[in-house]
Amino acid sequence: MPWRVALDCSTEQAELTLAALLDHPVQGVVEEQTAPGVTRLQIFFDARSAAEGFLSQLPDLAASIEQCAAVDEAASAQPDWPALPIGDRFFLVPSWRNDPAPPGRIRLPMPPGNAYGTGLHAPTQIMLRLMELHLRPGDAVLDLGTGSGILSAAAAGLGCSRVIACDTDPDAVRAACSYLAGNTSLFIGSVGSVRSVAVDLVAANIDAPTLHELAPEVRRVLRPGGRALLSGFSEQEASALQQSLAAAGLTVFDRLTQDEWAGLAIRRPEP
Ligand SMILES: C[S@@+](CC[C@H](N)C(=O)[O-])C[C@H]1O[C@@H](n2cnc3c(N)ncnc32)[C@H](O)[C@@H]1O
């Protein structure tokens, strides 16, 4: 039986709460205006732990959690998230919608929101924009920190020859496994398990401290002339990261930003 989180909040808080839902496995949502400026939200989860996990991100909201007989009928309609063009090549579509991609765009079904990477976060979108600019058809790709697998799906859509995807979080690898078609080599672990000079392109949307640490390994697995596309860090963090990358023998050749987030394209120089 589902678990219902109920709360009354301002319209603005309701918007923030619904935005925070994007990374959670929600069964349904009912949104009602109960008084001017007051919104009642009912959010349904399949497990108490999922409901509590969601609420732990919103400690300021007074909400109740209770088990209920069924998901409210009104909630069986999925949230009204639109399909979203990203960059010039991608079209991100929530799984319950059947919008076709506009001509010239690659349709990316949105992974379910139970692991990182629904595609709605700015760093993921920066990654997709960097990939459409710098991934070449035929590239062998390492999706480092695959999360839900969205960047592997994007790489396949752009015509890469093969994708190796890994993540240190077993739940992420399980989610990626069910999202991705069978032509990706997926494993639990990190770049240390990939053989040297194996790939043309590394895609990694991971926090700055981890990328500082992984920079020499990223260089090791790249073929000479190969590229790495990085995001997951702020514009301020990008400058310090560039120094670590330079120290590891990697050269920055492109940079994108979105909101307060940054992305870098780097190259392992030819000998
Ligand atoms: C922000 S999510 C990115 C998910 C997806 N690639 C995207 O772009 O939306 C970062 C992912 O990297 C994984 N991760 C963190 N450190 C890692 C490491 N050292 N090696 C491999 N994966 C790592 C996390 O478990 C998480 O799933």
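**Close-up views of a predicted model**

**View 1. Asp259, an exposed loop residue.** Asp259 counts as exposed because it has 12 C-beta neighbours inside 10 Å. The cut-offs are these: a residue is buried if 20 or more other C-beta atoms lie within 10 Å of its own, exposed if 12 or fewer, and partly exposed in between, with C-beta atoms placed from the backbone. The model is predicted: local features need pLDDT of at least 70, side-chain atom pairs count only at pLDDT 80 or more, and totals for chains, interfaces and linings use all residues. Residue numbers start from 1 along each chain, as its sequence is written. Asp259 sits in the loop between strand 13 (251-258) and strand 14. Helices (H or I, at least four residues) and strands (E, at least two) are DSSP runs, numbered from the N terminus. The phi of Asp259 is positive, about 50 degrees, although the residue is not a glycine.

**View 2. Val197, in the loop between strand 10 and strand 11.** Strand 10 covers 184-188. Val197 is not a glycine, yet its phi is positive, at about 55 degrees. Is Val197 buried or exposed? Val197 counts as exposed, because 12 C-beta neighbours lie inside 10 Å.

**View 3. Strand 12 and its partners, strand 11 and strand 14.** Strand 11 (residues 199-205) and strand 12 (residues 222-234) run parallel, joined by 6 bridges. Strands pair if DSSP finds at least two bridges between them. Look for Ala203: opposite it in strand 12 stands Leu229. Helix 6 (residues 208-221) completes a right-handed β-α-β unit with strand 11 and strand 12. Right-handed means that, with the strands pointing away from the viewer, the path from the first strand over the helix to the second runs clockwise. Strand 14 (residues 261-267) runs antiparallel to strand 12, with 7 bridges between them. One pair to find is Ser231 and its bridge partner in strand 14, Gly263.

**View 4. The largest nonpolar core, with 61 residues.** A nonpolar core is a set of buried Ala, Val, Leu, Ile, Met, Phe, Trp, Tyr and Cys residues joined through C-beta atoms within 7 Å. Which members touch the most others? They are Met131, Ala154, Ala155, Val202 and Ala203. Helix 4 (residues 150-157) supplies the largest share of this core, 6 residues. Ala154 touches Phe90, Leu108, Leu128 and Met131, leaving out residues up to four places away in sequence. Touching here is contact: two C-beta atoms, placed from the backbone, within 7 Å. Apart from this core lies another, of 13 residues, including Val5, Cys9, Leu21 and Phe44. In soluble globular proteins, nonpolar side chains tend to be buried together.

**View 5. Ile86, a buried residue in strand 5.** Strand 5 covers residues 84-86. Ile86 counts as buried because 21 C-beta neighbours lie inside 10 Å. Leu92, Gln125, Leu128 and Arg129 touch Ile86, not counting residues up to four places away in sequence. From Ile86 to Arg129 is 43 residues in sequence, but 7.2 Å in space, C-alpha to C-alpha.

**View 6. Strand 4, a hardly covered strand.** How many of the 5 residues in strand 4 (residues 63-67) are buried? The count is 0. Strand 1 (residues 3-10) runs antiparallel to strand 4, and 5 bridges join them. Leu7 stands opposite Ala63 in strand 4.

**View 7. Gln57, in the loop between helix 2 (48-55) and strand 4.** Gln57 is exposed, because 12 other C-beta atoms lie within 10 Å. Ser193 is 136 residues away from Gln57 in sequence and 33 Å away in space, C-alpha to C-alpha.

**View 8. The whole protein, for orientation.** The protein has 7 helices and 14 strands. Its C-alpha trace spans about 65 × 35 × 35 Å along the principal axes. The domain assignment gives domain 1 (3-76) and domain 2 (116-267); such bounds come from an automatic or database domain assignment. Their C-alpha centres lie 33 Å apart. Buried residues make up 42% of the 271 residues. Of the contacts between residues at least 6 apart in sequence, 62% join residues at least 24 apart.
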